[in-house]
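Open your viewer, switch on the cartoon and keep the selection box handy. We will go from one stop to the next, and at each stop you will hear what to select and what is there.

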Amino acid sequence: MAGSTVFYKVVLILLSITQFLVTSLAISPRAVGSVLTISLARLTLSAATETAETAVVDADAHECIEPGTCGDSDNANVDTASDSETNDGQTNTNNEPSDLTPAKFAPNGDRLISSEELALYPGKEEGSTIWLSILGKVFDVTTGPEFYSALNGGYKFYAGRDASPCFGSGINTEEGAQEKLEEWEDKKLMPVWEWSTFYEDHETYKYLGVLAGSRYFDKQGNETPVRKDIVRRASEAKRIADEERDRKRKERQAAREARKKQKK
C-alpha cells in the first residue's frame, strides 16, 4: 500500500514538471512526452517489484500463524514429530489403526477373545476365516466352510458367536442361543458337552482361546461357576448314559448267547 502512494505522488510531480517545461522553456511537447514515458515505465517496474516482495513477506508470516504450518523446514520437522507421537510417547508410523490392541492372555496362557472379535469371523466371503464358540471356548473352523460358512454352510448360524444351547436344542435362533443352560436338565446338557469335546478333539479345527466376559468365562479368563456346574452335570450325565448303554449292550449280547444255546 505504501508503494502505491509514493507512485501516485511521483506521477503528479512529473506532470507538473512537464507543464513547466512546455510553457516556460518552450520545449517540444513530443520530447517531453518521451522522457515522461520512460520515467513512468521505470517507476512502474520499481513499484511492482516492491509490491511483490511485500506479498512474499506477508505470505511467509501467514504460514507460521498456526503450529505445523510454518514454511521453515526445521520447524516443520519438529511439529510433525510431535503430532506423530502417541500418548504413551511412542511414534505412530500410520501403518496401522491407532485403536489396534495386542492380544491379551489369561494367567494360564489362554487367549482372551471378546464377543466383538468373535463376531468378525463368520465366514462371509469365500475362503475367509470362520470362528465359533461353544461353552465359551473359541475354535477356528475355517477348514469346514461347507458346514459353517455364512455363504452356504448348513450350520452357519453357529459362526461368529457362542450358540451353545442350539447344539442341544436345534433351535437356531437368537432366542434359542440365549437360553440358559444352567436351567436345563442334566440329560439335555449332554449333547452340548459332546459337541464341545468334538471340537477339542478335531484333527483340523483349532482351539484359539476363551470368550472373555461371557457366561462361561469372566473378563480375566477364569472359568465361571456356571460353566463349572454345566460341565460337571453334563459329564456326569454322559457317564451315566454310557454306563446304561454298555449295560444294555451286555444284556442284548447275553440274550443272543442264550438263544443260541437253546437252539443247540
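Start by selecting the side chains of aspartate 162 and serine 133: they make a polar contact at 2.6 Å. Keep in mind as you look that this is a predicted model. Now add serine 164, whose side chain makes a polar contact with the side chain of aspartate 162 at 2.5 Å.

Zoom out a little to see where you are: aspartate 162 lies in the loop between α5 (145-148) and α6 (164-169). Which side chain of opposite charge is nearest to aspartate 162? Select arginine 227 to find it, 7.6 Å away. Aspartate 162 is buried but has no salt bridge. To fill in the surroundings, show its contacts beyond four places in sequence, which include Leu118, Ile134, Leu135, Gly136, Ala177, Leu211 and Tyr216.

Next, select isoleucine 134. Beyond its neighbours within four places in sequence, isoleucine 134 is in contact with Asp162 and Ser164, and also with Phe139, Phe167, Val192, Trp195, Ser196 and Tyr199.

Isoleucine 134 also leads to the next stop, the largest nonpolar core, which has 30 residues. Colour Ile134, Leu135, Val141, Tyr148, Leu181, Val192 and Tyr199, the members that touch the most other members. Two or more residues of this core come from each of β3 (131-134), α6, α8 and α9. The most come from α8, with 4 residues. Apart from this core lies another, of 5 residues; select Ile113, Leu118, Trp131 and Leu211 to see some of them. As background, nonpolar side chains tend to be buried together in soluble globular proteins.

Now select helix α9, residues 225-263. How far apart are the end C-alpha atoms of α9? Draw a distance between them and you should get 57 Å, which agrees with the 57 Å expected for 39 residues at 1.5 Å a residue. Show the buried residues of α9 as sticks: Arg227, Ile230, Val231, Arg233, Ala234 and Ala237. These buried residues pack against β4 (137-140) and α8 (186-201).

For the last stop, go back to the loop between α5 and α6 and select leucine 151. Is leucine 151 buried or partly exposed? Its relative accessibility is 48%, so leucine 151 counts as partly exposed. Add glycine 123, which is 28 residues away along the chain, with its C-alpha atom 7.3 Å from that of leucine 151. Leucine 151 is in contact with Gly123, and also with Lys124, Glu125 and Glu126, leaving aside neighbours within four places in sequence.

Note on methods:
Residues numbered from 1 in each chain as written. Predicted model: local features only at pLDDT ≥ 70, side-chain atom pairs only at ≥ 80, totals over all residues. Heavy atoms only, no water. Buried < 20%, exposed > 50% of the residue type's maximum accessible area, 1.4 Å probe, protein only. Lys, Arg positive; Asp, Glu negative; His and termini not counted. Salt bridge = Lys/Arg side-chain N within 4 Å of Asp/Glu carboxyl O. Polar contact = N/O pair within 3.5 Å; in protein donor to acceptor, adjacent residues only side chain to side chain. Contact = heavy atoms within 4.5 Å. Expected span 1.5 Å × (residues − 1). Core = buried A, V, L, I, M, F, W, Y, C linked by side-chain atoms within 4.5 Å.
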